[in-house]
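Reader: I should like a close look at a single part of this structure, namely its charged side chains and how they pair. Please give one connected account.

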Amino acid sequence: MIDEIDHVAIAVHDLEAAVRYYRDAFGACVEHRETIESDGVEEALLKVGVSYIQLLTPTTADSPVAKFLEKKGEGIHHVGYRVRNCEAELETVKGLGYRVLDESPRPGSRGTTVAFVHPKEAFGTLIELVEP
Ligand code: CMX
Ligand code: CO
């Protein structure tokens with residue numbers, strides 16, 4: 001079961017400029033910042049109710065977000081759904097024969113456990129399952 005939207009991730013070239021924009025235009029504050037080495041990204045999380053906007057910028061040239069920016073430009077990169085049990089949810093998706101990017105859950109930012117589902121069979125949206 002997906003419980004809540006954990007975050008909507010937006011790929012940007014300039015993280016500081018994007019943070020300023022959300023602060024000045026919408027009063028959104030940064031609650032957490034982290035570099036996720038394994039994914040080659042730096043994030044700024046802006047709290048919106050029980051969810052976040054995850055502003056993402058690449059830290060390496062071969063990062064998935066660098067490739068996305070190159071091919072598609074800035075914009076929505078993925079949706080993170082909050083789940084109680086990432087492993088069980090992932091097994092359900094795999095059991096139905098849908099393609100996943102992580103065969104088993106792995107550490108995400110903020111001490112979360114995450115797994116990604118492939119966008120091609122998910123109707124064009126990259127999905128991240130996020131267990132707090
Ligand atoms: N949303 C929707 N579709 C996407 C996509 C995205 N974010 N990224 C790629 N695609 C599509 C492409 O358009 C392409 O479609 P076509 O075959 O029709 O051209 C297809 O998926 C393959 O894409 P690609 O450009 O060849 O890119 P890669 O296969 O190299 O990578 C993906 C795509 C999804 C496998 C890769 O981005 C990935 O592994 N992502 C998961 C990890 C991640 O994104 N980490 C950063 C976030 C960290 C965090 O949130 O904490
Ligand atoms: Co994310």
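Author: In this predicted model, the side chains of Asp102 and Arg106 meet in a salt bridge, with an N to O distance of 2.8 Å. Asp102 is buried, its relative accessible area being 11%, which falls under the 20% limit for that class. This pair belongs to a wider set, since a search of the whole structure finds 11 salt bridges.

One of them joins Asp6 and Arg110, whose side chains meet at 2.9 Å, N to O. Asp6 lies in strand E1 (residues 2-11), while Arg110 lies in the loop between strand E6 (106-107) and strand E7 (113-117), so the contact ties together parts that are 104 residues apart in sequence. The two partners may also be described by their accessibility: Asp6 is buried, with a relative accessible area of 2%, whereas Arg110 is partly exposed at 28%. Asp6 and Arg110 are moreover members of a network of salt bridges that links them with Glu4 and Arg82.

A further salt bridge is formed by the side chains of Lys94 and Glu91, at 3.4 Å from N to O. Here both residues lie in helix H3 (residues 86-95), three residues apart, and are therefore separated by about one helical turn. Lys94 is partly exposed, with 25% relative accessibility, and Glu91 is likewise partly exposed, with 40%.

Other charged side chains gather without such pairing. Lys67, Lys71, Lys72, Arg99 and Lys120 form a patch of positive charge on the surface; residues in such a patch have no salt bridge and over 30% relative accessible area. Among them, Lys71 lies in helix H2 (residues 64-72) and is exposed, its relative accessible area being 75%.

A carboxylate also takes part in metal binding. The cobalt ion (ligand 2) is coordinated by Glu128 through OE, together with His7 (NE2), Gln54 (OE1) and His78 (NE2), at distances of 2.1 to 2.3 Å. Along the chain, these donors follow the spacing H-x46-Q-x23-H-x49-E. Gln54 lies in strand E4 (residues 51-58) and His78 in strand E5 (residues 75-83), so this pair ties together parts that are 24 residues apart in sequence. Gln54 and His78 are both buried.

Definitions and conventions: Residues numbered from 1 in each chain as written. Chains lettered and ligands numbered in written order. Predicted model: local features only at pLDDT ≥ 70, side-chain atom pairs only at ≥ 80, totals over all residues. Heavy atoms only, no water. Patch = residues over 30% accessible without salt bridge, like charges linked within 9 Å, V, L, I, M, F, W, Y side chains within 5 Å. Areas by Shrake-Rupley, 256 points an atom, 1.4 Å probe, with all protein chains shown as cover. Salt bridge = Lys/Arg side-chain N within 4 Å of Asp/Glu carboxyl O. Lys, Arg positive; Asp, Glu negative; His and termini not counted. Charge placed at Lys NZ, Arg CZ, Asp CG, Glu CD. Helix = DSSP H or I, 4+ residues; strand = E, 2+ residues; numbered from the N terminus. Buried < 20%, exposed > 50% of the residue type's maximum accessible area, 1.4 Å probe, protein only. Donors = N, O, S within 2.8 Å, 3.2 Å for Na, K, Ca; no water.
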